[in-house]
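Reader: I have a structure open in my viewer and would enjoy walking through it with you. Could you take my questions one at a time?

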Amino acid sequence: MIAPRIFVAVLQRCTLAALLIFAAHAGAQPQPAAKPAPAITVDARATATAQVMAGIQPAAGDAVIDRLVATEGWKNHKTAMEAQWKSVSTRIGAIEKWREQEVKLKDVAGRTLLYPFSGPDFINAWALYPNHGKYVFFSLENPGLLPNLEKMGPKEFDALLRDVRNAFNEIIQRNYFITSYMGKQLTTPHLKGTVPIMATMMALNSLRIAKIEPVDPFPELTKAFEEPKAKRPGKILRGAKITFVSAANRAHELTYYSLDATDKALVHYPEFLDLVARNKPASALVKSASYLLHDNQFSKTRDMILATADILVQDDTGVPYRYIKQANWNVKLFGKYHTPIPAMQWGLQTDLRQAFTDPEVAARGPLPFPFGYHWKGAESGLILATRP
């Protein structure tokens, strides 16, 4: 039997607790239901145009597209692109398997990939760093526009398809673009700039295009440089942004800038590298870059990469090994080191060659995919560096 005083005390505590619970519920405001993520509107014509160039059968219903894909020229293009993509898919599979084992990243949707001297190489960017929220590319080639298929007759359309196949030759065979070739391949009457090639690569990766728009981060400078008597850079900055949609129905952005990134030319755009460096956390990719970052003419870009990124995948043409070690980054080496090709032997790195013989940093066996200028056979080398 409970003593009266104890019973009263227990009753008081229970009553107080009940009152507090009641007050809490009475004061609570009803919470609004979580808003669903806004639907992403896909640009059906842009997506279909990219698919047509990729040799992929687009959805029926667009009279312009339906007319073009019914031609023998497109059917032959489809067969050729399918054969080429089959060989690339094998390479991409090897890259993805390596990436899953070696590139450990969290919250990739909140990350940006920085890719200097990229050209239109979206294939390697997506294979090595998929599902990043943003991609920032910059190189010399102009961004250009998607071709307007509506204005093309059979001859113009066949010429466009031929130009697309020509532009893909090097990336399919060697896994890199040749700058001197791109100057001609991306300035034909029907194929202009990097945007069509990047869009085609997106289609080949089953990505859809939501929007393509011009980008000018420095409109006042552009206006001043376009004045007839202005003291302008040799190349005025031009930009484009492609918003694309992945299989998970997530929106991603690729912003491409065309400019001269030498230190001397960047004097005309003093805030450009700061603009790029705002994208953190950042991953970085450098490959087949003509050893430009070895040259002090590109010291600002080199310093920006080391200050901004926390992971770097590159070949020996990227940031020189000595700068990576001076910054105390963690390094793993894969594949083989080779003396640079004859035209670029000034890029020789004796310290990196020695590091490739060190079992503490060099993985055994060949790199399972071509990467860089030594692309034949199993002769490629790769550097994976991460900030400590």
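Reader: Which helix holds methionine 198?
Author: Happy to start there, with the note that this is a predicted model. Methionine 198 has its place in helix 8. That helix spans residues 194-204, so the element you want is helix 8.

Reader: Is methionine 198 buried or exposed?
Author: The relative accessibility of methionine 198 is 1%. Buried means under 20%, so methionine 198 counts as buried.

Reader: How many of the 11 residues of helix 8 are buried?
Author: The list of buried residues includes Thr194, Pro196, Thr200 and Leu204. Helix 8 is largely enclosed by the rest of the structure, because the buried residues number 11 of the 11.

Reader: Which residues does methionine 198 touch, leaving out those up to four places away in sequence?
Author: One of them is Ile242, which is 44 residues from methionine 198 along the chain, with 9.0 Å between the two C-alpha atoms. Residue 242 falls within strand 4 (residues 238-245). The full set touched by methionine 198 is Pro120, Phe137, Ile242, Leu254 and Tyr256.

Reader: Which residue just after helix 8 takes a positive phi?
Author: The phi in question is about 60°. The residue that takes it, just after helix 8, is serine 206.

Reader: Let's turn to the sheet. What is the order of its nine strands?
Author: Strands of a sheet can pair either parallel or antiparallel. In this open sheet the pairing is mixed, and the twist averages 15° from one strand to the next. The order reads 3-4-5-2-1-6-7-9-8.

Reader: Which strands stand at the edges?
Author: Each edge strand has a single partner strand, so one of its sides is left without a neighbour in the sheet. The two are strand 3 (208-215) and strand 8 (330-335).

Reader: How many bridges pair strand 3 with strand 4?
Author: These two strands pair in the antiparallel sense. One example is arginine 208, whose bridge partner in strand 4 is valine 245. The number of bridges between strand 3 and strand 4 is seven.

Reader: Where in the hairpin of strand 4 and strand 5 is there a positive phi?
Author: Strand 4 and strand 5 run antiparallel and are joined by eight bridges, with lysine 241 opposite threonine 255. Five residues lie between the two strands of the hairpin. In that turn, the positive phi of about 60° belongs to asparagine 249.

Reader: Strand 5 also pairs with strand 2, so what is the bridge partner of lysine 134?
Author: Strand 2 (residues 134-139) runs parallel to strand 5, and six bridges join them. Strand 5 is largely enclosed by the rest of the structure, because six of its eight residues are buried. The partner of lysine 134 in strand 5 is glutamate 253.

Reader: Which strands does helix 4 lie across?
Author: Helix 4 covers residues 72-102 and runs at about 150° to strand 8. The strands it lies across are strand 7 (309-314), strand 8 and strand 9 (381-386).

Reader: At what angle do helix 2 and helix 4 pack?
Author: Their axes are 8 Å apart, and the contact is made by Val52, Met53 and Ala54 of helix 2 with Trp74, His77 and Met81 of helix 4. By class, the contact has five nonpolar, one polar and no charged residues. Helix 2 and helix 4 are roughly perpendicular, with an angle of about 75°.

Conventions. Residues numbered from 1 in each chain as written. Predicted model: local features only at pLDDT ≥ 70, side-chain atom pairs only at ≥ 80, totals over all residues. Heavy atoms only, no water. Pairing = 2+ DSSP bridges. Helix = DSSP H or I, 4+ residues; strand = E, 2+ residues; numbered from the N terminus. Axes fitted to C-alpha atoms, helices over the stretch in contact; angles between N-to-C directions. Contact = heavy atoms within 4.5 Å. Parallel < 35°, antiparallel > 145°, perpendicular 65-115°, else oblique. Nonpolar A, V, L, I, M, F, W, Y, C, P; charged D, E, K, R; others polar. Buried < 20%, exposed > 50% of the residue type's maximum accessible area, 1.4 Å probe, protein only.
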